Amino acid sequence: MAWWEWLLDICGALLLLCVLYGAGLIVRRRTLSRHGGTFELSHRLRTEQPGRGWVLGLGRYSGETLEWFRIFTLSRRPRRSWRRDELEYDGRREPVGTEQASLYPDHLVIRCHSPEGEVELAMSVSSLTGFQAWLEAMPPGTDWNRR
C-alpha cells in the first residue's frame, strides 16, 4: 500500500473513534437521565486562581445525595457527591471575568459549606430553585438548627 492509503486508513479510523465517542456520550447521558432527572451543573475543582478551575458537568439527585458527573467522560459513576445533610447553602453571585467563558450561559455561581470545606457550583436559576427546595426538604427529625 502507498503512504497515502495508510494515511486515509488512519484518518478513517480516527473519524470512527470520534463518532463512537460521541455516541457513547449520548448513551451515557440518556442512561444517567433514566435514574432521575439530570441538569447542567458545573463544579469548581481548583480554587488556587480566581475564576479558574471550573469543570462542566451534570448533576443528579439520588435520594439524599447530589451526584456530579463530568460531562466529557464515559464513566457512569459520579466524580463527586454531597449528602443533603452535610451541605449548607451560603449564597449566590454572577460569574465574573473568565468564569463567564468557562460556564454555561445564564448560570449563577453558588457557594455551599460542607465538612470538606467550601464548595462552589454553577447552575441555572431554575436549577437553583430546585436545589434550594431539595436542601429544605430534609426528612423529619433533621436538626434544623445546624450551622
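**Charges and patches in a predicted model**

Colleague: Let's start with Glu 67: is this residue buried or exposed?
Modeller: Bear in mind that we are looking at a predicted model. Glu 67 has a relative accessible area of 11%. The cut-off for burial is under 20%, so Glu 67 is classed as buried.

Colleague: Which residue meets the side chain of Glu 67 in a salt bridge?
Modeller: Look in strand E4, residues 57–62, for the partner. Its relative accessibility is 9%, so this arginine counts as buried. The N to O distance in the salt bridge with Glu 67 is 2.6 Å, and the partner is Arg 60.

Colleague: How many salt bridges does a search of the whole structure find?
Modeller: The pair of Glu 67 and Arg 60 is a salt bridge, and Glu 64 with Arg 84 is another such pair. Searching the whole structure gives a total of 7.

Colleague: How many residues apart are Glu 64 and Arg 84?
Modeller: Their side chains meet in a salt bridge of 2.9 Å, N to O. This pair links distant parts of the chain: Glu 64 sits in the loop between E4 and strand E5 (65–70), and Arg 84 in the loop between strand E6 (80–83) and strand E7 (88–93). Along the chain, the separation in residues is 20.

Colleague: What is the relative accessible area of Arg 84?
Modeller: Its partner Glu 64 counts as partly exposed, at 31% relative accessibility. Arg 84, on the other hand, is buried, because its relative accessible area is 6%.

Colleague: Which residue forms a salt bridge with Glu 99?
Modeller: Glu 99 is buried, with a relative accessible area of 1%. The partner is partly exposed, at 25%. The closest N and O atoms of this pair are 2.8 Å apart, and the residue you want is Arg 93.

Colleague: Which residues are joined with Arg 93 and Glu 99 into one network?
Modeller: Arg 93 and Glu 99 form a salt bridge with each other. Salt bridges that share partners extend the picture into one network, and the other members are Arg 44 and Glu 120.

Colleague: Moving to the surface, which residues gather in a patch of positive charge?
Modeller: One member lies in the loop between strand E2 (42–44) and strand E3 (54–55), namely Arg 52. A patch takes residues with over 30% relative accessible area, and Arg 52 qualifies on that score because its value is 49%. The patch as a whole gathers Arg 46, Arg 52, Arg 70 and Arg 79.

Colleague: And how much accessible area does the nonpolar patch on the surface have together?
Modeller: This patch is formed by Ile 10, Leu 14, Leu 16, Leu 17 and Leu 20. Ile 10 lies in helix H1, residues 3–34, and is partly exposed, with a relative accessible area of 49%. Together the five named side chains' residues have about 510 Å².

Colleague: One more, on Ser 124: which residue's side chain is joined to that of Ser 124 by a polar contact?
Modeller: Ser 124 is placed in the loop between strand E9 (117–123) and helix H3 (125–136). Burial means under 20%, and Ser 124 therefore counts as buried at 19% relative accessibility. The polar contact spans 3.1 Å, and the side chain on the other end belongs to Ser 127.

Methods:
Residues numbered from 1 in each chain as written. Predicted model: local features only at pLDDT ≥ 70, side-chain atom pairs only at ≥ 80, totals over all residues. Heavy atoms only, no water. Patch = residues over 30% accessible without salt bridge, like charges linked within 9 Å, V, L, I, M, F, W, Y side chains within 5 Å. Areas by Shrake-Rupley, 256 points an atom, 1.4 Å probe, with all protein chains shown as cover. Salt bridge = Lys/Arg side-chain N within 4 Å of Asp/Glu carboxyl O. Lys, Arg positive; Asp, Glu negative; His and termini not counted. Charge placed at Lys NZ, Arg CZ, Asp CG, Glu CD. Helix = DSSP H or I, 4+ residues; strand = E, 2+ residues; numbered from the N terminus. Buried < 20%, exposed > 50% of the residue type's maximum accessible area, 1.4 Å probe, protein only. Polar contact = N/O pair within 3.5 Å; in protein donor to acceptor, adjacent residues only side chain to side chain.
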